Amino acid sequence: MDKKDILTKHRYAWQTTYSQWERSAHDLWRSTQSVRSDGGPIVLLVGDSIARGYSKESFDFDPNDELSIFKHPDRLLNQLARQNGSSWRACFSGLINLDHTQKAFELALTPGDVVLYQDWGPCAANYATTFHKFAYFASLTAELVENDLVFLDGFCTAKADKVFDFNRPCLDSRESPNHAIQAAAEVSNARFLSVTNRLHCAEETMGQLFGVSLFEPDGVHPNGFGNLFLAAILLLEMSQELPRLEPMNSLVSELMTELDLDLETEQILTCLQKAIV
């Protein structure tokens, strides 16, 4: 019985309080199937407002507004993948009920898919809490032997509240929250993906050359340019091929017009392209 038959068999059970995991699994399965390209692999972005996409100044998602894509790293990754001829696709799942994570993933994922976990929050100030949170998530996906698990490091700007600084010592340790995430990855057979240095380099260069930030005013959440940068890095890490950003020229040009920025689109994309690797 394939996954579709299993979901069909349980279609009536989703209305009961005893089938929360079936409903979660169905929603996740439907989301992954809607973006999967000709059976190609999926990177499932499990996380909070960073993985989902967040913006106070930019655009809420509107299917009729092409520019709203800049709020969502998964949709940007999919656009870049299509324009670069890659079969990789991304899908955001959110922090679903962890008690149902494994069963939901078993139905939604296929061999070769990747689960990328990102969950920061104020509790990152505590080393033990951060370590155990990531290690516990890994334990829930331990049986997914045909799917890689990736932990994403935390990043922010100097303007961010210190509680979100993942590179400063924790309250209960001399080590940083990012060290806790990396340590959890090492004991969990997960891959630790650090984007901090590349993102900070791009942020500094963009600021010096163009007066443009990759972050929202809170210094924590990427803006449209930051989400594009993050999406390009994730596509590079998944496909192992450097994505070309030039196909995004027209959309980035529209974004800058919307933000009233009088800059050369080519210069912006060249700057980001160099910082990705």
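1. Which residues in α5 meet which residues in α6? In this predicted model, T101, Q102 and F105 are the α5 residues concerned, and their partners in α6 are F137, S139 and L140. Helix α5 spans residues 101-108 and helix α6 residues 127-140; their axes come within 8 Å and cross at roughly 50°. That angle makes α5 oblique to α6. Sorted by class, the contact comprises three nonpolar and three polar residues, with no charged residues.

2. A second helix pair is formed by α4 (residues 73-83) and α9, which pack with their axes 8 Å apart and at an angle of about 55°. Helix α4 is therefore oblique to α9. The crossing of these two helices, α4 and α9, is right-handed.

3. The residues that make the contact of α4 with α9 deserve separate listing. From α4 they are P73, L76, L77, L80 and A81. From α9 they are G224, N227, L228, L230, A231, A232, L234 and L235. The division by class for α4 with α9 is 11 nonpolar, two polar and no charged residues.

4. Helices α10 (residues 249-258) and α11 (residues 265-276) form a further pair, with axes that come within 9 Å and cross at roughly 115°. This crossing angle makes α10 roughly perpendicular to α11. The handedness of the α10 and α11 crossing is right-handed.

5. On the α10 side, the contact with α11 is made by N249, V252, S253 and M256. On the α11 side, the contributors are T265, I268 and L269. Four residues of this contact of α10 with α11 are nonpolar and three are polar, while no charged residue takes part.

6. Turning to internal space, the structure holds two cavities of 30 Å³ or more. The largest cavity contains about 50 Å³ of space.

7. Which residues line the largest cavity? Its lining consists of L45, I50, A51, P73, L116, L152, L230 and L234. Among the elements that contribute, α3 (49-52) and α9 (224-239) each supply at least two residues of this lining. By class, the lining of the largest cavity has eight nonpolar residues, and neither polar nor charged residues appear in it.

8. The cavity and the α4 and α9 pair may be read together. P73 of α4 and L230 and L234 of α9 take part in the helix contact, and P73, L230 and L234 are also among the residues that line the largest cavity. Charged residues are absent from the contact of α4 with α9, and they are likewise absent from the lining of the largest cavity.

How values were computed:
Residues numbered from 1 in each chain as written. Predicted model: local features only at pLDDT ≥ 70, side-chain atom pairs only at ≥ 80, totals over all residues. Heavy atoms only, no water. 1 Å grid on protein atoms, 1.4 Å probe; cavity = no way out; pocket = protein on both sides within 12 Å on 5 of 7 lines; lining within 4 Å. Points joined across faces, edges and corners; volume = space filled by probe spheres on them. Helix = DSSP H or I, 4+ residues; strand = E, 2+ residues; numbered from the N terminus. Nonpolar A, V, L, I, M, F, W, Y, C, P; charged D, E, K, R; others polar. Axes fitted to C-alpha atoms, helices over the stretch in contact; angles between N-to-C directions. Parallel < 35°, antiparallel > 145°, perpendicular 65-115°, else oblique. Left-handed = near helix turned anticlockwise from the far one by under 90°. Contact = heavy atoms within 4.5 Å.
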